[in-house]
Amino acid sequence: MVTSERGIWLVIYAADCVPALIVDVKTPAIAAVHAGWRGVAAGVVPAAIARMREAFGTAPGRCIAMLGPAIGGCCYEVDAPVARAMGGAGWWPRAARPTGPERWHLDLRTAVHEQLVASGVPARRVATVPYCTACRPDLFFSYRRDGICGRMAACISLRP
Ligand SMILES: [Zn+2]
């Protein structure tokens, strides 16, 4: 979701997937993006940057992004179909660690961070909340850990 309208809240729900909040401070305009492995594979975060560029004239270089709590590379094991879906992305060796035959531990936030930088957002302007949702039952819901569970909301709005 993207908007340049003030006073509108963009809200996404996640429990392990990466909540990405983006602000173009100059225009201003904002985006809220939900990036699980399918979204990462499909490039949903770069698509949001492209949409901001089309709709608002956003320059990625003046954006700030925040990646919220998500499942970490410590806990997120994926198999060959997920690996194949990433289509040999250049960031794969930096985001995925082989742990067995056709098995990897994937850090989705590293992948999203790399996608943002490839879209023109300066690396120093991408902040990441370091917690792993699966490691911290005291703080977060985790779909991978609990199956049926609640969701966290990630929210962004331009002040009226
Ligand atoms: Zn973990």
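Helices and strands here are DSSP runs, a strand being a run of at least two residues, and they are numbered from the N terminus. Keep in mind that what you're looking at is a predicted model.

With that in hand, let's start at a loop. Aspartate 16 sits in the loop between β2 (9-14) and β3. Its phi is near 115°, a positive value in a residue other than glycine. That's worth a second look because most residues other than glycine have a negative phi. Is aspartate 16 buried or exposed? A residue is buried if 20 or more other C-beta atoms lie within 10 Å of its own. Aspartate 16 has 26 C-beta neighbours inside 10 Å, so it counts as buried.

Now follow the chain onward into β3 (18-24). Strand β3 belongs to an open sheet of 5 strands, with the order β1-β4-β3-β5-β9 and mixed pairing. At the edges of this sheet stand β1 (2-3) and β9; each has a single partner strand, so one side of each is left without a neighbour in the sheet. Two helices pack on the sheet. Helix α2 (residues 44-56) touches β1, β3 and β4, and its direction makes about 160° with that of β4. Helix α5 (residues 108-118) touches β3, β4, β5 and β9, and its direction makes about 175° with that of β9.

How does the pairing work around β5? Strands of a sheet pair through backbone hydrogen bonds, either parallel or antiparallel. Between β3 and β5 there are 5 bridges, and these two strands run antiparallel. Leucine 21, for example, stands opposite methionine 66 in β5, while isoleucine 22 has alanine 65 in β5 as its bridge partner. Strand β5 is also joined by 3 bridges to strand β9 (residues 126-128), and this time the strands run parallel. Alanine 65 turns up again here, since its bridge partner in β9 is valine 126.

Look next at the side chains of β5. In a regular strand the side chains alternate between the two faces of the sheet. For β5, the covered face holds Cys63, Ala65 and Leu67, whereas Ile64 and Met66 make up the uncovered one.

Cysteine 63 deserves a stop of its own. You'll find cysteine 63 in strand β5 (residues 63-67), and it counts as buried because it has 27 C-beta neighbours inside 10 Å. Which residues does cysteine 63 contact, leaving aside its neighbours within four places in sequence? They are Ile22, Val23, Asp24, Thr58, Val121 and Arg125. Threonine 27 lies 36 residues away from cysteine 63 along the chain, yet their C-alpha atoms are separated by 9.8 Å.

Threonine 27 leads us to another oddity. Most peptide bonds are trans. The bond that joins threonine 27 and proline 28, however, is cis, with omega about -15°. Proline 28 has its place in the loop between β3 (18-24) and β4 (29-35).

There's a second sheet to visit. This one is an open sheet of 3 strands in the order β6-β8-β7, with antiparallel pairing. Strands β6 (77-79) and β7 (96-100) stand at the edges, each with a single partner strand, so one side of each is left without a neighbour in the sheet. From one strand to the next, the twist averages 40°.

Strand β8 (residues 103-106) is joined to β6 by 3 bridges, and glutamate 77 stands opposite histidine 105 in β8. Between β7 and β8 there are 4 bridges, with proline 98 having tryptophan 104 as its bridge partner in β8. As for faces, β8 has Trp104 and Leu106 on the covered one, and Arg103 and His105 on the uncovered one.

Finish at the turn between β7 and β8. This hairpin has 2 residues between the strands, and glutamate 102 takes a positive phi near 60° in it. Is glutamate 102 buried or exposed? A residue counts as exposed if 12 or fewer other C-beta atoms lie within 10 Å of its own. Glutamate 102 has 11 other C-beta atoms within 10 Å, so it is exposed. Put the two positive-phi residues side by side: aspartate 16 is buried, whereas glutamate 102 is exposed.

Key. Residues are numbered from 1 along each chain as its sequence is written. This is a predicted model: local features need pLDDT of at least 70, side-chain atom pairs count only at pLDDT 80 or more; totals for chains, interfaces and linings use all residues. Two strands pair if DSSP finds at least two bridges between them. Axes are lines fitted to C-alpha atoms, for helices over the stretch in contact, and angles run from 0 to 180 degrees between N-to-C directions. Two residues are in contact if their C-beta atoms, placed from the backbone, lie within 7 Å.
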